[in-house]
Amino acid sequence: MGLLELASGNSIWRGIDYFNKKKVISWEKVTQDSYSGIVAGSSGEPYAVYIDKQHPRKSTCNCAFANERRVICKHMLAVLFTAEPNVAEDFLK
Ligand SMILES: [Zn+2]
């Protein structure tokens, strides 16, 4: 399963919102299937995000929601949508 399939609908919509509001401060491609990024937090400190499309449960974010819980958070999705806008477009169709 991919990141979108593992995420809750709420996380996806909030990820879309973060993408639209350009909350991803920076990102880079790590490997063919993974990205790292920095996402602005709602209160001050930015979050460090890593996403692995091939192994979504290896994705990490240091926010309170996802930290060490192996869940997909809105910050991960914001990085995914920013790096691959077509994924967001496909979802919104
Ligand atoms: Zn997060």
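**Sheet, zinc site and core of the predicted model**

Strands β2 and β3 run antiparallel and are joined by six bridges. The model described here is predicted. Two residue pairs illustrate the register of this β2 and β3 pairing. Ile38 stands opposite Ala48 in β3. The bridge partner of Val39 in β3 is Tyr47.

The β2 and β3 pair belongs to an open sheet of four strands, ordered β1-β2-β3-β4, with antiparallel pairing. Strands β1 and β4 form the edges, each pairing on one side only. Strands of a sheet pair through backbone hydrogen bonds, either parallel or antiparallel.

Strand β1 covers residues 24-31. Six bridges join β1 to β2, and the two strands run antiparallel. Ser26 has Ile38 of β2 as its bridge partner. Ile38 thus appears in two pairs: with Ser26 and, opposite it in β3, with Ala48. Thr31 stands opposite Ser34 in β2. A hairpin of two residues connects β1 to β2. Gln32 lies in this loop between β1 and β2. Gln32 counts as exposed because its relative accessible area is 61%, where the cut-off for exposed is over 50%. Gln32 and Ser42 are ten residues apart along the chain, and their C-alpha atoms are separated by 30 Å.

A zinc ion is coordinated by four residues. The donors are Cys61 (SG), Cys63 (SG), Cys73 (SG) and His75 (ND1), at 2.1 to 2.3 Å. The site is tetrahedral, with angles of 105 to 117 degrees among the four donor atoms. Ideal angles at a metal are 109.5 degrees for four tetrahedral donors. The donor residues follow the spacing C-x1-C-x9-C-x1-H in sequence. Cys61 and Cys73 link distant parts of the chain, twelve residues apart. Cys61 is in strand β4 (residues 60-61), and Cys73 is in the loop between β4 and α3. The count of disulfides is zero.

Both of these cysteines, Cys61 and Cys73, are buried. Cys61 counts as buried because its relative accessibility is 4%. Cys73 counts as buried because its relative accessibility is 1%. The cut-off for buried is under 20%. Beyond its neighbours within four places in sequence, Cys61 is in contact with Tyr47, Ala48, Val49, Ala66, Asn67, Cys73, His75 and Met76. Two of the zinc donors, Cys73 and His75, are thus among the contacts of Cys61. Tyr47 and Ala48 also take part in the β2 and β3 pairing: Tyr47 is the partner of Val39, and Ala48 stands opposite Ile38.

The loop between β4 and α3 also holds Glu68 and Arg70. Most residues other than glycine have a negative phi. Glu68, however, has a positive phi near 60 degrees. Arg70 likewise has a positive phi, of about 55 degrees, although it is not a glycine. Glu68 counts as exposed because its relative accessible area is 78%. Arg70 counts as exposed because its relative accessible area is 54%. Cys73, in this loop as well, is buried.

Helix α3 is mostly covered, with nine of its ten residues buried. The buried residues are Lys74, His75, Met76, Leu77, Ala78, Val79, Leu80, Phe81 and Ala83. One of them, His75, is a zinc donor through ND1. His75 and Met76 are also in contact with Cys61.

The largest nonpolar core has 25 residues. Those with the most contacts inside the core are Ile51, Cys61, Met76, Leu77 and Phe81. Two or more residues come from each of α2 (9-20), β2 (34-39), β3 (47-52), α3 (74-83) and α4 (85-92). Helix α3 gives the most to this core, with seven residues. In soluble globular proteins, nonpolar side chains tend to be buried together. Cys61 connects the two parts of this account: it is among the core residues with the most contacts, and Cys61 SG coordinates the zinc ion.

How values were computed: Residues numbered from 1 in each chain as written. Predicted model: local features only at pLDDT ≥ 70, side-chain atom pairs only at ≥ 80, totals over all residues. Heavy atoms only, no water. Core = buried A, V, L, I, M, F, W, Y, C linked by side-chain atoms within 4.5 Å. Buried < 20%, exposed > 50% of the residue type's maximum accessible area, 1.4 Å probe, protein only. Contact = heavy atoms within 4.5 Å. Donors = N, O, S within 2.8 Å, 3.2 Å for Na, K, Ca; no water. Tetrahedral: all angles 85-135°; square planar, octahedral: opposite > 155°, others 65-115°. Pairing = 2+ DSSP bridges. Disulfide = S-S within 2.5 Å.
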